[in-house]
Amino acid sequence: MTAALLDTFGRVATDLRVSLTDKCNLRCTYCMPAEGLPWLPSAELLTDDEIVRLVGVAVSLGVRTVRLTGGEPLIRPGLPGLVARLADLAELSLTTNGLGLTRLAQPLADAGLRRVNVSLDSLRADRFLALTRRDRLDEVIAGMAAAAAAGLTPVKVNTVLMRGVNDDEAGELLEWCLERGYELRFIEQMPLDPQHAWDRSSMVTADEVLERLTARHTLTPVERGSAPAEVWLVDGGPARVGVVGSVSRPFCGACDRIRLTADGQLRNCLFAREESDLRTALRAGATDAELAVRMQAAVRAKKAGHGIDDPDFLQPDRPMSAIGG
Ligand code: SAM
Ligand code: SF4
């Protein structure tokens, strides 16, 4: 099997996001309602063996980097064992809310995990509580330190700014990350919330973030490639800061990503409204070659862009936590 995962616009998928669970131990207001969501039935979740098999097929088709996400990936039982198997197949990173990292950072690093992104939207305990509905800021901060100590570096920090909620913390968050050697990434809020309450006017745009940062620092652009984040050296470097302007500065033309949900559906875009059911095929006895053909067909169907600005844009049925952020 040598064919790549190629779409009709000439893009080649080489980066796979794998959601390990749709469940989470936080309830970020823009991601989940307080009561949680109707979780996927456990019989529908891919087993470790099934994930390893599907990632293996994707790697045979040219996938080179795999990022584990969720929901909260650290709550998956036996994670270091799965990481050890996946690290043999591809360069592996993980996106987490940081809870549990104090315990898991070293075992995950030992298992072959290379890097982590830890999400943090506020450094103020009262705001963290209001935003995540859990009083666990200290644990997240300790988790980042544990990740750095375990060599999961550079530790990247993901922040979603919301107008009137935490947008006054942009500068503070950057200083805090610079002091610790963490690389901050601001992510524009996207229409992927289960409440369907996203509103463009409350989204803090990449331009606004940059305006705030350049008031305090000199930013020098770093070449972007296919990475969704635009990255700048801060005050000449080596420190860096990034902005993921998915909505106002879409990078669909250079997108090299595909996603596998925790229940085994392949998605060619975060905003796709169709999925390819690899789980059913796999459990019905499909061979690796048959699974590869399905993956290639799913990637071929990838649209040119996410279409958020189109008048007929429809949010995907699944929220971010179930797709794998
Ligand atoms: N639980 C892990 C975490 O929070 O990092 C991994 C999954 S979470 C869905 C991944 C990232 O997506 C987090 O950084 C989170 O802030 C971000 N996110 C969630 N909903 C979002 C939205 N509607 N727009 C932009 N980013 C979002
Ligand atoms: Fe959980 Fe991550 Fe969603 Fe927050 S953003 S509720 S940590 S999945």
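This briefing describes the surroundings of a ligand, two empty spaces and one helix residue in the structure above. The model is predicted. Ligand 1 has 17 residues around it, and the protein covers 95% of the 540 Å² of accessible area that this ligand has on its own. Apart from the ligand, the briefing covers the largest cavity, with about 40 Å³ of space, and the second largest pocket, with a volume of about 410 Å³.

**Surroundings of ligand 1**

- Among the 17 residues around ligand 1, those that come nearest are Y30, G71, E72, S119 and M190.
- By class, this shell consists of five nonpolar, ten polar and two charged residues.
- The side chain of S119 places an N or O atom 2.6 Å from an oxygen atom of ligand 1.
- G71 takes part through its backbone, where an N or O atom lies 3.0 Å from a nitrogen atom of the ligand.
- T96 also approaches with a backbone N or O atom, which is 3.2 Å from an oxygen atom of ligand 1.
- Of the accessible area of 540 Å² that ligand 1 has on its own, 95% is covered by the protein.

**The largest cavity**

- Rolling a probe the size of a water molecule over the atoms reveals where empty space remains.
- The count of cavities of 30 Å³ or more comes to one.
- The largest cavity holds about 40 Å³ of space.
- Its lining is formed by L161, F186, I187, E188, V204, A206, V209 and V243.
- Strand β6 (183–187) and helix α7 (206–214) each contribute at least two residues to this lining.
- Seven of the lining residues are nonpolar, none is polar and one is charged.

**The second largest pocket**

- The volume of the second largest pocket is about 410 Å³.
- Its lining has 20 residues, and F271, A272, R273, E274 and K303 lie nearest the centre of the pocket.
- Eight of the lining residues are nonpolar, five are polar and seven are charged.

**R294 in helix α9**

- R294 belongs to helix α9, which spans residues 288–300.
- R294 has a relative accessible area of 40% and therefore counts as partly exposed, since that class lies between the limits of 20% for buried and 50% for exposed.
- Along the chain, R294 and E175 are 119 residues apart, and their C-alpha atoms are separated by 46 Å.

Key
Residues numbered from 1 in each chain as written. Chains lettered and ligands numbered in written order. Predicted model: local features only at pLDDT ≥ 70, side-chain atom pairs only at ≥ 80, totals over all residues. Heavy atoms only, no water. 1 Å grid on protein atoms, 1.4 Å probe; cavity = no way out; pocket = protein on both sides within 12 Å on 5 of 7 lines; lining within 4 Å. Points joined across faces, edges and corners; volume = space filled by probe spheres on them. Nonpolar A, V, L, I, M, F, W, Y, C, P; charged D, E, K, R; others polar. Helix = DSSP H or I, 4+ residues; strand = E, 2+ residues; numbered from the N terminus. Near = heavy atom within 4 Å. Polar contact = N/O pair within 3.5 Å; in protein donor to acceptor, adjacent residues only side chain to side chain. Areas by Shrake-Rupley, 256 points an atom, 1.4 Å probe, with all protein chains shown as cover. Buried < 20%, exposed > 50% of the residue type's maximum accessible area, 1.4 Å probe, protein only.
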